[in-house]
Structure formats: C-alpha cells, structure tokens
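Reader: I have a few questions about this protein. Please keep the answers brisk.
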Amino acid sequence: MGERKRIPLGIFAVLLLISASSFPLLRASDDADDAIFYESFDEDFEDRWIVSQKDEYSGVWKHAKSEGHDDYGLLVSEKARKYAIVKELDQAVSFKDGTVVLQFETRLQNGLECGGAYLKYLRPQEAGWKPKEFDNESPYSIMFGPDKCGSTNKVHFIFKHKNPKTGEYVEHHLKAPPSVPSDKLSHVYTAILKPDNEVQILVDGEQKKKANFLSADDFEPPLIPPKTIPDADDKKPEDWDEREKIPDPSAVKPDDWDEDAPLEIVDEEAEKPEGWLDDEPEEIDDPEATKPEDWDDEEDGEWEAPKIENPKCEAAPGCGEWKRPMKRNPAYKGKWHAPLIENPAYKGIWKPRDIPNPAYFELKKPDFEPIAAIGIEIWTMQDGILFDNILIAKDDKIAESYRETTWKPKFSVEKEKQKAEEAEAGSNGLAGFQKKVFDLLYKIADIPFLSAYKPKIHDLIEKGEEQPNLTVGILVAILVVFVSIFFRIIFGGKKQPTRVEKTNVELSESGSNEKNGENEENKEKEESSAPPRRRSTRRED
C-alpha cells in the first residue's frame, strides 16, 4: 500500500487560510445594523469595556489575534487567575416582545481542564452593582456558555427569575445541557429565546438542546413552584407504626435448634495421604546463599540465608504437620429468628401533610429582567481562552448570517489544519512506535534463557522491519514463544502439593521417573539463566 499523499490537504488548508485572512468576512456582517448589539473586537477593547477593579480579579485581559488568523478577540492571558470585565449596552434589551438571540464565539487555544468561558447578561445597575466593582455577586438575568472542571462539563444556560409572591430571585438551571467540545478550535454558542416559551441551545449552528421555560422537566428548580408543600410543623404521631411486617410473637424456637453449633467442623473421615513428609518443612535455607562481604552483624543484625521451597516436597503430597481438613457442619443452623408476619398495626410510611405553597404563582411566560450589560466573570486554570463576535439580535436568521461570515471561515481553516496535523502525527507516531517495538524485541532476544530461540526471534524481527505492517503479527508470534518458554520453565516439572481427604493416592514409578527427568531439565535451564539477586534478611533480636 502506497504512502498517503498529504500535499493536497496542506494546499487546501493554506488556501482557506489565505481566503479567510484576505476577505472582510471576519469583520462585522452586513447585517450589523440589524443587530441589537455586536462586538467584533476588531478594535482595542479598553475604551469600551470596563475591567473590574476588585483585587481578586487579577487576570490580565489582552486584545490579541486568534492563532492562525488576522481576526482579533478578547484574550485570557494568564493561568490560574480570576477575570472580570463588563460592557454596558447603549440601551437595555427587553425579552417581552418577540425573539431574542444571544450568541458568541470562544476558542480554547490551550484546551480547558478547569475553568469557565461563559457570559453573564446583567440586569440594570439599579439592581445594585457598578461596572468597576463587577464580581460574582453582580445580578444577572442569564448566564450562558461553556464550563468545565472535574465532573462538570456543560454549556450552562441559567436564568434568574423573580418570584412575584416572595420577591426572591431564583436561579433556574437547564437540565441535561450539552457538553463542551474538547478540541482547541473556534466554536460558536447560540441561545434562541422565543416568545412561545421555548429556548434552543445551538453549538456551531447545530441544535443540541430544546427546552420550555415553563416545563418542570427542563429546568431545576422549576420556574413555577409546586402548588402545595409539606407542612414543616406537622409531626409524626407517637403511635404511628411504619413496620410492614413484624416477628411472629407466637413463634417458638424448636427444641433441636442449636444456635451454638459451628459453621464448620473437622472432617473425622479424612486420612493423611500416603507419602506425606511430616518431618520435612515446606521451606528450607538456600544452601547456595552466602553472606554478603559487606554485611555488618552489629549494624545489620545476624545474617540469615533466604528461604527456598523444599525440593523434597515437590514429589510428595505435602510436608509438615498434617491436619484434618474442615467441612461444613450439617447440624449448623445459626441464630434462630422468629418468622415475619403481616403487622396488623401497620399504617404505612408517614409523611407530613401538604399545605398550600405561599410561594406558588402562575404565569403564561417568564418575566425576564432586561439586559443592560454583558459581563465575563470567570475563574480558570488555563490561559489562551479567546472571546469573539458577541451578538444580541432579534432574529435567529441574523445570528445564522453572523455564523456564516465570522465563525465558519475560521473553523474550516482550523479543522483542515487539525486533520493535516493528525495525519502527520499518526504517520510519525506509528513509525516511532514500530522502532521502539523492534528495539525492545532485540533486547528480549538477548535474554540468556532464550538463547536457543535467538535466531528464530531475530528472523521474525527482520521480517517485521522489512514489512512494518506486520508489526502486530510479529509481536504476537514472539509473545507466544516467550510465554510458552516461561510456562515450561515455571510449571513444566512441578506437581503442586495437595491435601487429600481420603487416601487412594499412588505414585507410580514411571510417573516418578518422568517427574525427575523434567526437574533435571528445569534445573539446567535455571542454571543457564542469569542468577537471581540474593535475598538477605536480618534476624530479629
């Protein structure tokens, strides 16, 4: 199979980049006059946006280009900082008449592990806030945009609504919001609020979520409170019985029920297997171990040889003191409990009575507070977050036009560049991986106990180098050889000692001879392998 050609892809990406930077598509759309508000950040923001002067918001905003483009945006320039900036609108935006569309772009140029990239659409300053003191407590009507940290990964849509009965402002969160794209490309987020109480959330022009402001299934807590609530003053009566079943008071423990009988007892019928070596320990001192020359008895304690398995136990059923095994006690019954019967006094699970909810109200559509400013108030561990093309419009067609002219050309260039980089990285990554695999296989072939198979392994490696597409097959073949040898060395001549409950075990002379032969073969292989590091232990005083 021939190598994939990448030249056309690169040329296409370059052409897209040239076209995107040469034409005025990335600036304000021709529909700018139809927008209620539009911020392209083509010009420096400092004379239009107000940075919060509160000490905690130390992050520095910058007017910077989006990577790979001539298009400017508002940049989060430092890691692990809080940021706050606000733009007052020339005229407050009302939600009472017709559709309102909120839209903006973000690009997470360095990714987003923990932080927000959302906008807050603020109420008029009469609600109690000042631009230079803009912070997390500044009252907003809507919060919209991506947020990601730990288990949180969502495109927020939160609105605050005043309860006409209590006067309290309540946050209502969109249930099951869409997740944040995980790449480093430019993305555009759109919220369309319609007069029929519907809200649509779009990511890159594609609808990801549709909800109804009045539906309890779509927002938490629901916009309309429940008609009734549990009475906090109601108390459960003392004689209220919630037990559905009770022990039978007339039941009596049987006379033959022994609660003290153990779960297991010694199997008195078991007999010691023939050939059991009572006087042989399961482990012995390694006769080949020697005390290290640098061992200091005063400092290290008295030296003891490391233990090895007793070779005499390999051919025997077992070594050491033999004990009869345990078996389940047929007389075991456990602790006796009276059987359960239906409770004649059962009244069910108690709950307080419901009373009318003093906070309940009805409405045909939400009564949003008007938007008087747009703020960005975030805390983030990443830098490189770029905000751009913030739009408020009365028509979703206008928002679509802006996406086509300001976002889509950039996204197309970035997407093609990403594909080219992934293709290049994939090719280089595979070649590098194959080289590492073959280097490792050469080292494996040099292991002493594989010396008899070294020519075969080298032959397989050479074939793999000539035909890199066979790398996986080569790996599997060598792995099979390695595992086969390993298991033969470890398990080839050993018989696992077992405890037999009843005798009838006979060791045939032929079986014994075969086992001795295998043990000798294993011993030769072990001697030809590299000697293991000696284990040294100290005797506890």
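Reader: Numbering the bonded cysteines in sequence order, what is the pairing?
Author: This is a predicted model. A search of the whole structure finds two disulfides. Cys114 bonds with Cys149, and Cys313 bonds with Cys319. In sequence order the pairing is 1-2, 3-4.

Reader: Which strands does the pair Cys114 and Cys149 link?
Author: The sulfur atoms of Cys114 and Cys149 lie 1.8 Å apart. In sequence the two residues are 35 apart, so the pair links distant parts of the chain. Cys114 sits in strand E7 (residues 114-116) and Cys149 in strand E9 (residues 140-149). The strands are E7 and E9.

Reader: Is Cys149 buried or partly exposed?
Author: Buried means under 20% relative accessible area. Cys114 meets that cut-off at 13%. Cys149 has 33% relative accessibility, so Cys149 counts as partly exposed.

Reader: Is the disulfide of Cys313 and Cys319 left-handed or right-handed?
Author: Cys313 and Cys319 have their sulfur atoms 1.9 Å apart. Both cysteines are buried. The torsion about their S-S bond is about -120°, so the disulfide is left-handed.

Reader: Which strand gives the largest share of the largest nonpolar core?
Author: That core holds 57 residues. Tyr121, Phe144, Phe157, Leu193 and Phe387 touch the most other members. The largest share, six residues, comes from residues 81-93, which form strand E5.

Reader: How many residues are in the second, separate core?
Author: Nonpolar side chains tend to be buried together in soluble globular proteins. Here a second core is separate from the largest one. Its members include Ala35, Tyr38, Ile398 and Tyr402. The second core has 10 residues.

Reader: What share of the contacts between residues at least 6 apart in sequence join residues at least 24 apart?
Author: The secondary structure comes to six helices and 27 strands. Buried residues make up 36% of the 541 residues. Among contacts between residues at least 6 apart in sequence, the share joining residues at least 24 apart is 75%.

Reader: Over residues 493-541, how many contacts beyond near neighbours in sequence does the model have?
Author: The protein averages a pLDDT of 83, and 76% of the residues score at least 70. Over residues 493-541, however, the pLDDT is below 50. Where pLDDT is low, the predicted coordinates should not be read in detail. With that caution, the number of contacts for residues 493-541 is 62.

Technical notes:
Residues are numbered from 1 along each chain as its sequence is written. This is a predicted model: local features need pLDDT of at least 70, side-chain atom pairs count only at pLDDT 80 or more; totals for chains, interfaces and linings use all residues. Side-chain values use heavy atoms; hydrogens and water are left out. pLDDT is the predictor's confidence in each residue, from 0 to 100. Contact means heavy atoms within 4.5 Å. A nonpolar core is a set of buried Ala, Val, Leu, Ile, Met, Phe, Trp, Tyr and Cys residues joined through side-chain atoms within 4.5 Å. Buried means under 20% relative accessible area, exposed over 50%, partly exposed in between (1.4 Å probe, protein chains only). Helices (H or I, at least four residues) and strands (E, at least two) are DSSP runs, numbered from the N terminus. A disulfide is a pair of cysteine sulfur atoms within 2.5 Å.
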